[in-house]
Amino acid sequence: MTTDDSTTPRPRRGPTGKRQAILDGALTVFARDGYTRSSVDAISSEAGVSTRTIYNHFTDKAELFGVVIQESAKQAADIQIAIIDRHLRKVTDVESDLIEFGRDWVTPRPDSAAHFSLVRQINAEADHIPQEAIDTWQETGPRRVRRELAAHLRQLANQGMLRIDDPDRAALHLLLLISAGLPAPHTTLSAEKITETITAGVHAFLHGHL
């Protein structure tokens, strides 16, 4: 028996399963083609559902994109916040722990690859993407992550390990410094070069905050 989405036999999926298939397919297409070049037809093909099924779940491409970037950003942020907590929740040596944090931070992760491909597409065509979607991405992802990092840096300052007047700004500076000069997705440099770059960034950060 076939579903109404294809002439090829497929396992039956309930509404929840179809919605997730749409989101997964849309993430793949948006990350590959960008927002403006992506079509609902391409997403339906990637997701293995009909365009009618997509419109049963989402009003239009803009709404679908907004949901995709929000859910993708949340998942990526969860991973990054776990890295922050793993390295900075209990610091014994500020320099060593920040360097280890930096190494972990820039390590490519297959489960986040599609998200950061999508981010690169957003940065390339920001003028053509609904502002609401960009605001949602920023608040769900980067801003949330920076707030979490700022909270950890504030705690280190309270413990006398750092001298920080503005934790939010310090968090942004740290993230910029540890990734400065590293090409995304950081796979073209040797481990030694990556460590050297991160160490230099941490030293620059500590120079201003010790």
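**Aromatic pairs in the predicted model**

F101 counts as buried, because its relative accessibility is 0%. The structure here is a predicted model, and F101 makes a handy way into its aromatic contacts. Its partner is W105: the two rings form a tilted aromatic pair, with 5.4 Å from centre to centre and 45° between the planes. That angle falls between the cut-offs of 30 degrees for stacked and 60 for edge-to-face, so the pair goes down as tilted. Both residues belong to helix α5 (residues 94-106), and since they are four residues apart there, about one helical turn separates F101 from W105. W105 comes out at 16% relative accessibility, so W105 counts as buried too; the cut-off for that label is under 20%.

In total, the structure holds four aromatic pairs. Another of them joins Y35 and F65, this time edge-to-face, at 4.9 Å centre to centre and with 65° between the planes. Here the partners come from separate helices: Y35 lies in helix α1 (residues 15-37) and F65 in helix α4 (residues 61-88), so the pair ties together parts that are 30 residues apart in sequence. Y35 and F65 are both buried.

Y35 turns up in further contacts. Together with F30 and F65, Y35 makes up one aromatic cluster. There is also a charge to look at: K61 places its charged end over the ring of Y35, 4.5 Å from the ring centre. Y35 is thus described by an edge-to-face pairing with F65, a place in the cluster with F30 and F65, and the charged end of K61 over its ring.

Definitions and conventions. Residues are numbered from 1 along each chain as its sequence is written. This is a predicted model: local features need pLDDT of at least 70, side-chain atom pairs count only at pLDDT 80 or more; totals for chains, interfaces and linings use all residues. Side-chain values use heavy atoms; hydrogens and water are left out. Rings of Phe, Tyr and Trp (its six-membered ring) pair if their centres lie within 6.5 Å; planes under 30 degrees apart count as stacked, over 60 as edge-to-face and the rest as tilted. Helices (H or I, at least four residues) and strands (E, at least two) are DSSP runs, numbered from the N terminus. Buried means under 20% relative accessible area, exposed over 50%, partly exposed in between (1.4 Å probe, protein chains only). A charge sits over a ring if NZ of Lys or CZ of Arg is within 6 Å of the ring centre and within 35 degrees of the ring normal.
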